[in-house]
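Here is a quick tour of one chain, meant to be read with the model open beside it. Have the sequence to hand as well.

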Amino acid sequence: MNPAISRALYACSTNRLATEQPKNYLRAILEADGLCDYALKAKGFPGETMGERMQAIPSRELPSLEDFWRAHKVRNELAHDPNRPISPSEGDVMMPIYER
C-alpha cells in the first residue's frame, strides 16, 4: 500500500475518535489493527494470522512490540465480545500504539 494512502486511512480512523461515540472507537481500533496487519503482510512476515505474523517480529525491529501485542489483544476482545465496552480514554491510549 502506498504510504500516503495508509496515512490517509489512519487519519480517517483517528478522526473517528473525535465523535466520542463508542461504536466509532471500536471501528477506529479495528481499522488501525487491519492497517497494521496489512503492513506486516507487505513486509513479508510469515503467518496465517496477525498474531502469527506478530510473533515473527524481532523485538529489536519494533521496540514497542509489547504495547502492540496489548493493543491487538484489546482489538480481539472488542471484535469477539459485542458487550465489551470501549471508553474514550482507552481509545485515546490505543491509537498511538498503532501509529508507532
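What follows goes from the overall fold to a helix pair, the salt bridges and a few single residues.

## Ground rules

This is a predicted model, so a few filters apply: local features need pLDDT of at least 70, side-chain atom pairs count only at pLDDT 80 or more, and totals for chains, interfaces and linings use all residues. Residues are numbered from 1 along each chain as its sequence is written, and side-chain values use heavy atoms, with hydrogens and water left out.

## The chain as a whole

The secondary structure is easy to sum up: five helices and zero strands. Helices here are DSSP runs of H or I with at least four residues, strands are runs of E with at least two, and both are numbered from the N terminus. Following the sequence, you read the pattern α-α-α-α-α.

Of the 100 residues, 34% count as buried. Buried means under 20% relative accessible area, exposed means over 50%, and partly exposed is in between (1.4 Å probe, protein chains only). As for contacts (heavy atoms within 4.5 Å), take those between residues at least 6 apart in sequence: 49% of them join residues at least 24 apart.

## How H4 meets H5

Helix H4 covers residues 65-80 and helix H5 residues 88-99; their axes come within 9 Å and cross at roughly 125°. That angle makes H4 oblique to H5. For the bookkeeping, axes are lines fitted to C-alpha atoms, for helices over the stretch in contact, and angles run from 0 to 180 degrees between N-to-C directions. Angles under 35 degrees count as roughly parallel, over 145 as roughly antiparallel, 65 to 115 as roughly perpendicular, and the rest as oblique. The crossing of H4 past H5 is left-handed, meaning that the near helix is turned anticlockwise from the far one by less than a right angle (clockwise would be right-handed).

Which residues do the meeting in H4 and H5? On the H4 side they are Asp67, Phe68, Arg70, Ala71, His72, Val74 and Arg75, and on the H5 side Glu90, Met94, Ile97 and Tyr98. By class, that contact has six nonpolar, one polar and four charged residues. The classes are nonpolar for Ala, Val, Leu, Ile, Met, Phe, Trp, Tyr, Cys and Pro, charged for Asp, Glu, Lys and Arg, and polar for the others, Gly among them.

## Asp33, tucked into H2

Asp33 is found in helix H2, residues 22-42. Is Asp33 buried or exposed? Asp33 counts as buried because its relative accessibility is 3%. Leaving aside neighbours within four places in sequence, Asp33 is in contact with Met50, His72, Arg75 and Tyr98. Two of the H4 residues that meet H5, His72 and Arg75, are named in both sets of contacts, and so is Tyr98 of H5.

## Salt bridges

The whole structure has seven salt bridges, each defined by a side-chain nitrogen of Lys or Arg within 4 Å of a carboxyl oxygen of Asp or Glu. One of them pairs Glu31 with Arg27, with the closest N and O atoms 3.1 Å apart. These two are four residues apart in helix H2, so about one helical turn separates them. Glu31 is partly exposed at 24% relative accessible area, and Arg27 is partly exposed at 44%.

Asp37 and Arg53 form another, with the closest N and O atoms 2.8 Å apart. Asp37 lies in H2 and Arg53 in helix H3 (residues 50-55), so the pair ties together parts that are 16 residues apart in sequence. Both Asp37 and Arg53 are buried. Arg84 also bridges to Glu77, at 2.9 Å between the closest N and O atoms; Arg84 is partly exposed at 21%, and Glu77 is partly exposed at 39%. Salt bridges with shared partners join Asp37, Lys41 and Arg53 into one network.

## A few single residues

Pro46 is found in the loop between H2 and H3, and at 54% relative accessibility Pro46 counts as exposed. Beyond its neighbours within four places, Pro46 is in contact with Glu52, Arg53 and Ala56.

Over in H5 you will find Val93, partly exposed at 48%. Val93 and Ala71 are 22 residues apart in sequence and 9.0 Å apart in space, C-alpha to C-alpha. Pro96 is also placed in H5, and counts as partly exposed at 36%. The C-alpha atoms of Pro96 and Phe68 are separated by 10.0 Å, with their places 28 residues apart along the chain.
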